[in-house]
Amino acid sequence: MTRTRKPIDPETSIAMREAFYEAVDSGGLTIAEGVKRMREIVNMTQPEFAYWLKIAPRALMDIERGVGNPRLSTLLKIAKPFNLKIGFIHKPKA
């Protein structure tokens, strides 16, 4: 049984991207949340997104679940289509 996804209209896609970039800029996303949102923006399943990024599907699944330990090369492949850089963010003490 194949899963059919509802297409995302262009206005919704633009709004999703803008909200995503705002969350990235504020430092309000974990890697897991960010990767999942990127995948949802392009309206792909995990296997489709992994194939498109040229990474292992299991690696993507683990990252999205927050249990992965991705290599820098994997993170760079994920970040590239969204024109993101990988770096450190200062996290104030609680």
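**Exercise 1. Overall architecture**

How many helices and how many strands does the chain have? Work on the predicted model and describe the chain as a whole.

*Solution.*
Step 1. Count the elements. The chain has five helices and zero strands. From the N terminus on, the order is α-α-α-α-α.
Step 2. Take the dimensions. Along the principal axes, the C-alpha atoms fill a box of roughly 45 × 30 × 25 Å.
Step 3. Check burial. Of the 94 residues in the chain, 26% are buried.
Step 4. Look at the surface. The chain exposes about 7300 Å², and carbon and sulfur atoms supply 56% of this area.
Step 5. Add the charges. There are 16 positive and 10 negative side chains. The centres of the two sets lie 9 Å apart.
Step 6. Gauge the sequence range of the contacts. Take those between residues at least 6 apart in sequence: 52% of them join residues at least 24 apart.

**Exercise 2. The nonpolar core**

Find the largest nonpolar core. Which elements give two or more residues to this core?

*Solution.*
Step 1. Size the core. The largest nonpolar core has 13 residues. Those with the most contacts inside it are V35, M38, F49, I55, L60 and I78.
Step 2. Assign the elements. Helix 2 (31-41), helix 3 (46-53) and helix 4 (57-65) give two or more residues each.
Step 3. Follow one member, L60. Leave aside its neighbours within four places in sequence. L60 then touches V35, R39, Q46, F49, A50 and I55.
Step 4. Set this against the general pattern. In soluble globular proteins, nonpolar side chains tend to be buried together.

**Exercise 3. The face of helix 5**

Which residues of helix 5 are buried, and against which helices do they pack?

*Solution.*
Step 1. List the buried residues. In helix 5 they are T74, L75, I78 and A79.
Step 2. Look down the axis. The buried residues of helix 5 fall within an arc of 130°, so they line one face of the helix.
Step 3. Find the partners. The buried residues of helix 5 pack against helix 2, helix 3 and helix 4.
Step 4. Zoom in on T74. This residue is found in helix 5, residues 72-79. T74 has a relative accessible area of 14%; the cut-off for buried is under 20%, so T74 is buried.
Step 5. Name the contacts. Beyond its neighbours within four places in sequence, T74 is in contact with I55 and I63.

**Exercise 4. A32 and its partner in helix 4**

Where is A32 placed, and what separates the C-alpha atoms of A32 and E64?

*Solution.*
Step 1. Place the residue. A32 is in helix 2.
Step 2. Test burial. A32 has a relative accessible area of 16% and is buried.
Step 3. Take the distance. A32 and E64 are 32 residues apart along the chain, yet their C-alpha atoms are separated by 4.3 Å.
Step 4. List the contacts. Leaving aside neighbours within four places in sequence, A32 is in contact with I63, E64 and G66.

**Exercise 5. Positive phi**

Examine K54 and N83. Is K54 buried or exposed? Is N83 buried or exposed?

*Solution.*
Step 1. Recall the rule. Most residues other than glycine have a negative phi.
Step 2. Read the angles. Phi of K54 is near 65°, a positive value. Phi of N83 is near 55°, also positive.
Step 3. Locate them. K54 is in the loop between helix 3 and helix 4. N83 lies in the segment after helix 5.
Step 4. Apply the cut-off of over 50% for exposed. K54, at 66% relative accessibility, is exposed. N83, at 71%, is exposed.

Key: Residues numbered from 1 in each chain as written. Predicted model: local features only at pLDDT ≥ 70, side-chain atom pairs only at ≥ 80, totals over all residues. Heavy atoms only, no water. Core = buried A, V, L, I, M, F, W, Y, C linked by side-chain atoms within 4.5 Å. Buried < 20%, exposed > 50% of the residue type's maximum accessible area, 1.4 Å probe, protein only. Helix = DSSP H or I, 4+ residues; strand = E, 2+ residues; numbered from the N terminus. Contact = heavy atoms within 4.5 Å. Areas by Shrake-Rupley, 256 points an atom, 1.4 Å probe, with all protein chains shown as cover. Lys, Arg positive; Asp, Glu negative; His and termini not counted. Charge placed at Lys NZ, Arg CZ, Asp CG, Glu CD. Arc of directions from axis to C-beta.
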